[in-house]
Amino acid sequence: MPKVLFAANVSLFFSKFLFPLADHFRRKGWQVDGAAPDATKWPPNPEHFDRLFDIKWSRNPLDPKNLLLGLREIQQLVEREGYDIVHVHTPVPAFIARLALREVRYKTGTKLIYTAHGFHFHPAGNPLSNAIFLNLERLAGRWTDHLVVMNREDEAAARQYHIVPPGRLHYMPGIGLDLSRYTAEAVPQREVEAVRAELGLTPDQPLFSVVAEFIPRKRHQDALEAFARLAHPTARLALAGSGRLEPELRALVRKLGLEERVLFLGWRQDVPAIIKASLATLLPTQQEGLPRSVMESLCLGVPVIGTNIRGVHELLHNDCGFLLPVGDVAAITSAMRWVLEHPAEAKAMGRKGCERMKAYDIRNILHLHEQLYAKALGKNSERSPNPEASHA
């Protein structure tokens, strides 16, 4: 029985992205384990993994426990369990895991796969941080058997900077979306009406929504400030998500006088209904790999007001949505106003985006992972006494 370990920086990441992969490979007879902080305490996890392990690492690159605890724990786990594949996601744990396993994988035959959900170096990034993250990725590339990227800009960057040899670089259009969940049949009108009733909306009351974790790079404050400028007293803005910035965002809502117009929904399992209840979704983010919320919105034919950055541009170009400069609050306001004043054209924009989503179907992504894992396992018999040899 082949064995794979999925590793990420937070347990929520599993439910957001990896459950379909875990379920698929378990059905195919694999042992599928998961490792993340508090992995054993996140309620949905046990249904999707054979075993779970709590790893003491953090998404903060400066957190000392990454090197003091996380590195040793992942090393001991892989040495003990002898996984065929360790598949790491999210940059900080991915670097720690690759550092920890740089020699272990040659003893155990473990193949190390890293899926980059958007490199931390990018054109809009700070030059100093870009240089640091680029050099860390180039270093860790020496210990990476296969690198997966999910947008063409990252693919080009990986080739330009020779992060891994060309034969070990793989493009996949995201982590997969179950398109069957995002259809008119899967999200019936009664569910949409139930959401709108819960939010206290009348049938003709306009709703905008943001589906994103409350973290700095998502730039919720831009959406709030733009909404405050909209001057449309009946419009509402729903924020679906949670995170450490919630107190700060609630304070900003009070400062802007939006307490009656901005709705904090928390972490939700009915996101498709929330999106379908909206005139448009907003994502004023400054950094992405390939944002799932944009894909979900397009699948449902709801237009997106996004930023012209890596990943978002790939989904919204050719008039499938709005591509605005990062931090341009006035442009966000103008886009919301346009949607309000041109509902038919906005719906047409959403339908056009929907047509683009077929390539992102989870079935396609699962097939690509099967091919990738087969290629990785086909090289299990190879051993190199020099951990740097495969990068030469």
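Helices here are DSSP runs of H or I at least four residues long, numbered from the N terminus. With that in hand, we can walk through this predicted model, starting at the end of one such helix. Just after helix 8, Ala231 takes a positive phi of about 55°.

Helix 8 itself covers residues 220–230 and lies across strand 8 (207–211), strand 9 (236–240), strand 10 and strand 11. Relative to strand 9, the helix runs at about 170°. Which of its residues are buried? In helix 8 they are His220, Asp222, Ala223, Leu224, Ala226, Phe227 and Leu230. These buried residues pack against strands 8, 9, 10 and 11, and also against two other helices, helix 9 (246–256) and helix 13 (329–341).

The strands beneath that helix lead us to the sheet. Here six strands form an open sheet, with parallel pairing, in the order 10-9-8-11-12-13. Strand 10 (262–266) and strand 13 (322–324) each have a single partner strand, so they stand at the edges with one side lacking a neighbour in the sheet. Going from one strand to the next, the twist averages 25°.

Let us look at strand 10 a little longer. Although strand 10 stands at an edge of the sheet, four of its five residues are buried, so this strand is largely enclosed by the rest of the structure. Strand 10 runs parallel to strand 9, and four bridges join the two. One pair to look for is Ala238, which stands opposite Leu263 in strand 10.

Elsewhere in the sheet, strand 11 (residues 280–283) and strand 12 (residues 304–307) run parallel and are joined by three bridges. Here Leu283 has Gly306 of strand 12 as its bridge partner.

Leu283 also brings us to an empty space inside the protein, as this residue is one of those lining the largest cavity. How many cavities of 30 Å³ or more does a search of the whole structure find? The search finds one, and the volume of the largest cavity is about 40 Å³. Alongside Leu283, the lining is made up of Ser209, Val210, Val211, Ile275, Thr281, Leu282, Ser293 and Val304. Strand 8 and strand 11 each supply at least two of the lining residues. Sorted by class, six residues of the lining are nonpolar, three are polar and none is charged.

Now let us travel back towards the start of the chain. Strand 1 (residues 3–7) is mostly covered, with five of its five residues buried. Both of its faces are covered: Lys3, Leu5 and Ala7 are buried on one side, while Val4 and Phe6 are buried on the other. Strand 1 pairs with strand 2 (residues 31–36) in the parallel sense, over five bridges. Within this pair, Leu5 stands opposite Asp33 of strand 2.

Leu5 is also among the residues touched by Val86, our last stop. Val86 lies in strand 4 (residues 85–89). Is Val86 buried or exposed? Val86 counts as buried because its relative accessibility is 0%, and the cut-off for buried is under 20%. Leaving aside residues up to four places away in sequence, Val86 touches Leu5, Val78, Leu101, Thr110, Lys111, Leu112 and Ile113. Finally, try finding Val86 and Ala376 together: they are 290 residues apart in sequence and 11 Å apart in space, taken C-alpha to C-alpha.

Notes: Residues numbered from 1 in each chain as written. Predicted model: local features only at pLDDT ≥ 70, side-chain atom pairs only at ≥ 80, totals over all residues. Heavy atoms only, no water. Pairing = 2+ DSSP bridges. Axes fitted to C-alpha atoms, helices over the stretch in contact; angles between N-to-C directions. Contact = heavy atoms within 4.5 Å. 1 Å grid on protein atoms, 1.4 Å probe; cavity = no way out; pocket = protein on both sides within 12 Å on 5 of 7 lines; lining within 4 Å. Points joined across faces, edges and corners; volume = space filled by probe spheres on them. Nonpolar A, V, L, I, M, F, W, Y, C, P; charged D, E, K, R; others polar. Buried < 20%, exposed > 50% of the residue type's maximum accessible area, 1.4 Å probe, protein only.
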